[in-house]
Amino acid sequence: KVMVDTIHQSKEKKQGVYMPYLCGLQTVYGKGIWSRPHYHDYIELLYCTEGHGSYLCGDEKGEFSEGDLVLIDSQKVHATYALDTNKSSYVCIRLDPQLLYSPTQTVFELKYILPFTLNKAKHQSVFRQAELTGTPVSSIIMRMLHESREEAYGYELAIRASVCDLFLWIL
């Protein structure tokens, strides 16, 4: 079960502007807490690039290793822990579900996206490396990380396009 000191993380701003996504590399050296129990409005994706970790997400817990992808629904309490005695890293992508909607929501968007925001999605939450091999998932995630770090002109649109590509693959 989830620890009592769960925190709600609010949406983040960058230079005063609300960010519909966050993308970064999180690294831990040695075993220990990666992220304490928390929840937020974002859908979160964790793509392990090195090492080994575990996650607690609602009542579900499991482990992940290099090349695995963990999908966490919006508003779901979750935490991660490093299990490797050396270095462990994952790309953390947080997406506001609204990023996947067009200005006028269609029945198709509601059908596919709404379950992820209401904790009612019945979908796979961990995609193993063997399952991802030969798919574009790794390159999409690494492209998002690169765009997020470089912040070249139009990078926000490039990330949104990548988010749509990635989410379409997940669906």
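This is a short chat about helix H4 and the nonpolar cores in a predicted model.

Me: Where does helix H4 sit in the sequence, and what span should its residues have?
Reply: H4 covers residues 155-170. At 1.5 Å a residue, its 16 residues should span 22 Å. The end C-alpha atoms are 22 Å apart, so the two agree.

Me: Which residues of H4 are buried?
Reply: Tyr-155, Ile-159, Ser-162, Val-163, Leu-166, Phe-167 and Ile-170. They cover an arc of only 130° around the axis, so they lie on the same side of H4.

Me: And what is exposed on the other side?
Reply: Leu-157 and Leu-168 are exposed there.

Me: Back to Ser-162. What is its relative accessible area?
Reply: It is 3%. Buried means under 20%, so Ser-162 counts as buried.

Me: What is Ser-162 in contact with, leaving aside neighbours within four places in sequence?
Reply: Ile-140, Arg-143 and Met-144.

Me: New topic. In the largest nonpolar core, which residues touch the most other members?
Reply: The core has 27 residues. Leu-45, Leu-69, Ile-93, Ile-141, Met-144 and Leu-166 touch the most other members.

Me: Which elements give two or more residues to this core?
Reply: Strands S4, S6, S9 and S11 do, along with helices H3 and H4. The largest share, six residues, comes from H4.

Me: What does Leu-166 touch?
Reply: Not counting residues up to four places away in sequence, Leu-166 touches Leu-45, Val-137, Ile-140, Ile-141 and Met-144.

Me: How many residues are in the other core?
Reply: That core has 13 residues and lies apart from the largest one. Among them are Leu-46, Val-70, Tyr-90 and Cys-92.

Key. Residues are numbered from 1 along each chain as its sequence is written. This is a predicted model: local features need pLDDT of at least 70, side-chain atom pairs count only at pLDDT 80 or more; totals for chains, interfaces and linings use all residues. Side-chain values use heavy atoms; hydrogens and water are left out. Helices (H or I, at least four residues) and strands (E, at least two) are DSSP runs, numbered from the N terminus. The expected span of a helix is 1.5 Å times one less than its number of residues. Buried means under 20% relative accessible area, exposed over 50%, partly exposed in between (1.4 Å probe, protein chains only). The arc is that of the directions from the helix axis to the C-beta atoms. A nonpolar core is a set of buried Ala, Val, Leu, Ile, Met, Phe, Trp, Tyr and Cys residues joined through side-chain atoms within 4.5 Å. Contact means heavy atoms within 4.5 Å.
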